[in-house]
Amino acid sequence: MDHKGLVHDWNVSELEAPAWGGGVELDDETLRDGLQSASAVDPPVETKIRLIHMMDELGIHSADIGLPGAGSRAVAHIARLCEEIRDAKLSVEPNCAARTVLADVEPAARISQKTGVAMEVCTFIGSSPIRLFAEGWTLDRMLRTAEESVSFCVRERLPVMFVTEDTTRADPETLKTLYGNAIRWGARRICLSDTVGHATPAGARALVRFVKREIVGPSGENVKVDWHGHRDRGLGLANAFAAIEAGADRIHGTALGIGERVGNVEMDLILVNLVLAGMHDAALTRLADYCELVAREWGVPIPANYPVLGSDAFRTATGVHAAAIAKAQAKGAGWLADRVYSGVPASMVGREQEIEIGPMSGISNVRYWLEKRGYDAGDADLCDRIFARAKSANRTLTEDEVGSIIRRAGKEPSA
């Protein structure tokens, strides 16, 4: 079937930057920021190893595998994950978070020396006026501690990303001073953080463009720019794509968006949208496994209405929707049926469209349901019985409820 012209895509009609025509790297924060959720459970290292393998299969480029300054358990897990990445020859590259103090960066160096893995160290420090005021910090003091930690990592031949917390509420001159010096000390990646989810898409674009134009460009060095966003205003995903449009090189996210407070940008949804935009070519058939593992082991259930991975993502009991899907399938067009009432094709993530029966259903829902399960969809009496029960209900009927109507009618599936 010729699909050309069936979907007009306004999403790509006025893209603001050539970045959308290329690629963007992804950094998975599930094993660090995802564990900072007050509701999360820190799983055993065996579970983390399984997750790292799934990240690799999903084409995720790097992963923050922990905060060594958090204690001996964190150090042991980070070392074991580095060994697994090394021994299994995974493509995903490890990094770790560290405050700009030697007590945090020294354990990272020891892990790297022990495992032979050049783990990137992501040294972070606050940058906004409100944070400096609350902490009682001066810019001179911040520069001293930052230089000590960044220079230590460079001497240890560890790649360094210099991270400013609360970047989206920091003033331009402070950012120029912090990032400019970090680049001079040897950092070759800098990270812009929307730590409290303050940014809007316009703000994210403006900040990325400013940093690339006023700091990275004049430095003369090959420095990559990362975006690390939170979703306190519900704008995390939109901000991430605005950052891509503005030229960010790498985007951070977590499985299901778990993380500090209400969480981070959803890595699973970043992947889905990048694939749909033609910017990521890894298969997403393991995406459900990745999210279900985190939901189960981190203790954060997936809501029924969660995009793409929720139980209701591809499920409808509405008559108009069901009729359109059924008509598309009647044309022998699975491609069409998977998209006619869905912005994301279910097959992309190993799922399928589901039609249920409820008070807003039409008779087409009943016929589709019966045919899908091997019953005679042309049995008018059976269809009428199920349809009448659905119209008297106040919710979608369960599989058992429809099955009991069929059994009372004495019907059996056809051969």
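A residue counts as buried here when its relative accessible area is under 20%. Tryptophan 227 comes in at 0%, so it is buried. Keep that cut-off in mind, because buried residues make up 51% of the 415 residues in this protein chain. One thing to know up front: this is a predicted model.

**The chain as a whole**

- The secondary structure of the protein chain adds up to 15 helices and 10 strands.
- Taken along the principal axes, the C-alpha atoms fill a box of roughly 80 × 45 × 40 Å.
- Look at contacts with a separation of 6 or more, and 74% of them are between residues 24 or more positions apart.

**The barrel**

- If you're looking for a landmark, try the barrel: 8 strands close into it, in the order S1-S2-S3-S4-S5-S6-S7-S8, with parallel pairing.
- Going from one strand to the next, the twist averages 25°.
- Helix H3 packs on the sheet, where it touches strand S3 (93-99) and S4. The direction of H3 makes about 155° with that of S3.

**Strand S5 and its neighbours**

- Strand S5 (160-165) is mostly covered, with 6 of its 6 residues buried.
- Val160, Phe162 and Thr164 point one way from S5, while Met161, Val163 and Glu165 point the other way; all of them are buried.
- On one side, S5 runs parallel to S4, and 6 bridges join the pair. Threonine 123 stands opposite phenylalanine 162 of S5.
- S5 also runs parallel to strand S6 (residues 189-194), this time joined by 4 bridges. Here methionine 161 stands opposite arginine 189 in S6.

**Tryptophan 227 and strand S7**

- Back to the tryptophan from the opening: tryptophan 227 lies in strand S7, which covers residues 224-229.
- S7 and strand S8 (residues 250-253) run parallel and are joined by 2 bridges.
- The bridge partner of tryptophan 227 in S8 is isoleucine 251.
- Tryptophan 227 and leucine 26 are 201 residues apart along the chain, yet their C-alpha atoms are separated by 9.8 Å.

**Helix H5**

- H5 has 17 residues and reaches 24 Å from its first C-alpha to its last, which is close to the 24 Å expected at 1.5 Å a residue.
- The buried residues of H5 are Met142, Leu143, Ala146, Ser149, Val150, Ser151, Phe152 and Cys153.
- What covers those buried residues includes H3, strand S4 (120-126), helix H4 (129-135), strand S5 and helix H6 (172-185).
- After H5 comes arginine 157, and its phi is positive, near 60°.

**How H3 and H5 pack**

- Two packed helices are described by the angle between their axes and the distance between the axes.
- For helix H3 (residues 102-115) and helix H5 (residues 139-155), the axes come within 9 Å and cross at roughly 10°.
- Angles under 35 degrees count as roughly parallel, so H3 is roughly parallel to H5.
- H3 brings Leu102, Val105, Glu106 and Ala109 to the contact, and H5 brings Glu148, Ser149, Phe152 and Cys153.
- Sort the residues of this contact by type and you get 5 nonpolar, 1 polar and 2 charged.
- Some of these names have come up already: Ser149, Phe152 and Cys153 are among the buried residues of H5.

Key
Residues numbered from 1 in each chain as written. Predicted model: local features only at pLDDT ≥ 70, side-chain atom pairs only at ≥ 80, totals over all residues. Heavy atoms only, no water. Axes fitted to C-alpha atoms, helices over the stretch in contact; angles between N-to-C directions. Parallel < 35°, antiparallel > 145°, perpendicular 65-115°, else oblique. Contact = heavy atoms within 4.5 Å. Nonpolar A, V, L, I, M, F, W, Y, C, P; charged D, E, K, R; others polar. Buried < 20%, exposed > 50% of the residue type's maximum accessible area, 1.4 Å probe, protein only. Expected span 1.5 Å × (residues − 1). Pairing = 2+ DSSP bridges.
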